[in-house]
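Please open the structure in your viewer and keep the selection tool at hand, since this tour moves from one selection to the next.

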Amino acid sequence: MVDQQVKTYQNYLGGQWLDSNSGQTYTITSPASKSTVLGAFQFSTAEDATQAVAAAQEASSGWAGTPAPARAQVLYRALDILSKRSEEIARTITIEEGKPLADARGEVKRAMNIIEYAAGEGRRMFGYTTPSELPSTIAYTVRRPLGVVAIITPWNFPIAIPAWKLAPALICGNTVVLKPASATPLSAVKLVEVFEEAGLPPGVLNLITGPGSSVGNALVESQLVRGISFTGSTEIGTEIYSAGARLLKKMQCEMGGKNAVILLADADLDKALEGIVQGAFGSTGQRCTATSRVIVEEGIYDELMDQLLDRTAKLKIDDGLDPEVDISPLSSESQLQKVMEYIGIGTEEGARLAYGGHALSEGDYSQGYYVEPTIFTEVTPDMRIAQEEIFGPVLTVFRAGDLDEAVRISNDVQFGLSSSVYTRDLPSAFRYINTVEAGMVHVNAPTLGGEVHLPFGGLKSSGVGQREQGVEAVDFFSEVITVYIDYADEARTQAPFI
Ligand code: NDP
């Protein structure tokens, strides 16, 4: 039973805010304040998912028939509204997900950038013309929407990830059912409010909250859903990819990572140190692009470790709303349990706990899911902490004799999302770029980040299907149709061969 003081949020279907058929809700609390209930959300069912898909299907032809530049006008209005609500929404992210307010503001900006970029595509969305091999014939391509698409998102970027899928999906003329992570439904509600206020026609965007196992699964299994864009763990992504592929849907899954920085002996150490600390501990290590491994060339190892331990000890752990904060709480109790379990595993495996390793529960920390930044040294590639995604502020440090050994260690994992090298030597940088197995490669910069007009995504178990963002997003959210027009006066005497 939900307390009267707690606001209840509804699903958004066919342009209306509605209760779930289940008649049930669930509540979420703030990671920095376990006793603060942020709201009650619909505990939706497979039946709700089916209704949301029907609403999206109903709106499909109208939205697909709206010229793309006119669709763009809705996105520009959404951009304006999001800009006006940016501070409120950034605070919602911090309170709901836990990340520092500066990171949350950056996340809202990222969402604004992708909406702006996608709106611009409304006046491009290029096909091409090419000479036909036949006389009196024009051949060209044109883009069409897929129809209804499902967007399934994780909790760690509760505004940016839905936005970076939604904006290209909408500009291409698709209608959408959004299923956000159960842990962060409030940010998703606010994003949908923005698009509603921007004048998106009813049914073009639908939101249902509730468990992935029932709601998400029903979307994946629905015959009417023609494309699925998923971001989340490799485990769930693998299940969704196989289920969707079996039904011949267009699939895009962005998944886990185990991103490594390689530090060569000739690097600018100050620059590298800053990048490693930001990458490993920023947003409490809960970014998909976070740095979870540092592979250090022998000649610079001792100097790096001295400075890294010193710098880490100065990080301030606090509520994400504190303006001075470096490390805020983990997003949930289950995240805290998982991170602590991996710290235990690392110790048992024989890695050396060089810094941190404890959950914090004294004083104000008792209200949230706090853990110290943690550094393991003497890590070897066969250890679980070297191979598995921990998704918290835990850094594993390796030694390497040279660049080739460092790249071998970097590549020796199932993941391939983001990567980085610090060196002043151009040939080494290019050798690295040409051999490292990662979808995003940085030189003298952290493993973090990405710009919305460039593709984002991973190799191996980190990503499958077309890349997100950039022009690739239009490729995913549209089908290319090939058109031949014969304008000859007379019938052709020879039939085509195929
Ligand atoms: P999960 O895989 O647990 O969940 C992701 C989404 O899938 C949630 O909305 C979840 O719903 C839903 N879901 C769960 N089970 C099913 C199912 N059977 N069918 C359909 N949908 C389902 O990931 P997390 O939310 O824990 O996110 C963290 C992960 O996301 C990390 O591995 C991280 O690396 C990855 N990530 C990858 C990025 C990339 O671009 N490569 C970017 C950001 C994060 P519910 O919440 O209800 O369980």
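The stops below go from the ligand to the pocket around the ligand, and then to a second pocket.

Before selecting anything, keep in mind that this is a predicted model.

**Stop one: the ligand and its neighbours.** Select the ligand and show the 30 residues around it, among which Ser182, Ser233, Met255, Cys288 and Glu389 come nearest. If you colour this shell by class, you will find 15 nonpolar, 11 polar and 4 charged residues.

**Stop two: contacts with oxygen atoms of the ligand.** Select Ser182, where a polar side-chain atom lies 2.5 Å from an oxygen atom of the ligand, and then Ser233, whose side chain has an N or O atom 2.6 Å from an oxygen atom of the ligand. Add Gly232, which takes part through its backbone, with an N or O atom 3.4 Å from a ligand oxygen. If you now switch on a surface, note that the ligand taken alone exposes 910 Å², and that the protein buries 87% of that area.

**Stop three: the elements around the ligand.** Select α7 (212-221), β10 (225-231) and α8 (234-246), the elements that each give two or more residues to the shell around the ligand.

**Stop four: the largest pocket.** The space that the ligand takes is the largest pocket, and this pocket has a volume of about 1,400 Å³. It is lined by 49 residues, and to find its centre you can select Pro154, Trp155, Gly232, Ser233 and Ile236, which are the closest to that point. Which element gives the most to the lining of the largest pocket? Select α8, which gives the most, with 6 residues, and then look at the other elements that supply at least two residues each, including β3 (25-30), α3 (86-97), α5 (160-171) and α11 (333-349). By class, the lining of the largest pocket holds 22 nonpolar, 19 polar and 8 charged residues.

**Stop five: the second largest pocket.** Move on to the second largest pocket, which has a volume of about 500 Å³, and select Ser132, Glu133, Leu134, Tyr484 and Pro496, which lie nearest its centre among the 17 residues that line it. Two or more lining residues come from each of β5 (129-131), β6 (137-145) and β24 (478-486), and β6 gives the most, with 3 residues. Coloured by class, the lining of the second largest pocket shows 10 nonpolar, 5 polar and 2 charged residues.

How values were computed. Residues numbered from 1 in each chain as written. Predicted model: local features only at pLDDT ≥ 70, side-chain atom pairs only at ≥ 80, totals over all residues. Heavy atoms only, no water. Near = heavy atom within 4 Å. Polar contact = N/O pair within 3.5 Å; in protein donor to acceptor, adjacent residues only side chain to side chain. Areas by Shrake-Rupley, 256 points an atom, 1.4 Å probe, with all protein chains shown as cover. 1 Å grid on protein atoms, 1.4 Å probe; cavity = no way out; pocket = protein on both sides within 12 Å on 5 of 7 lines; lining within 4 Å. Sits in = over half its atoms within 2 Å of the grid points. Helix = DSSP H or I, 4+ residues; strand = E, 2+ residues; numbered from the N terminus. Nonpolar A, V, L, I, M, F, W, Y, C, P; charged D, E, K, R; others polar. Points joined across faces, edges and corners; volume = space filled by probe spheres on them.
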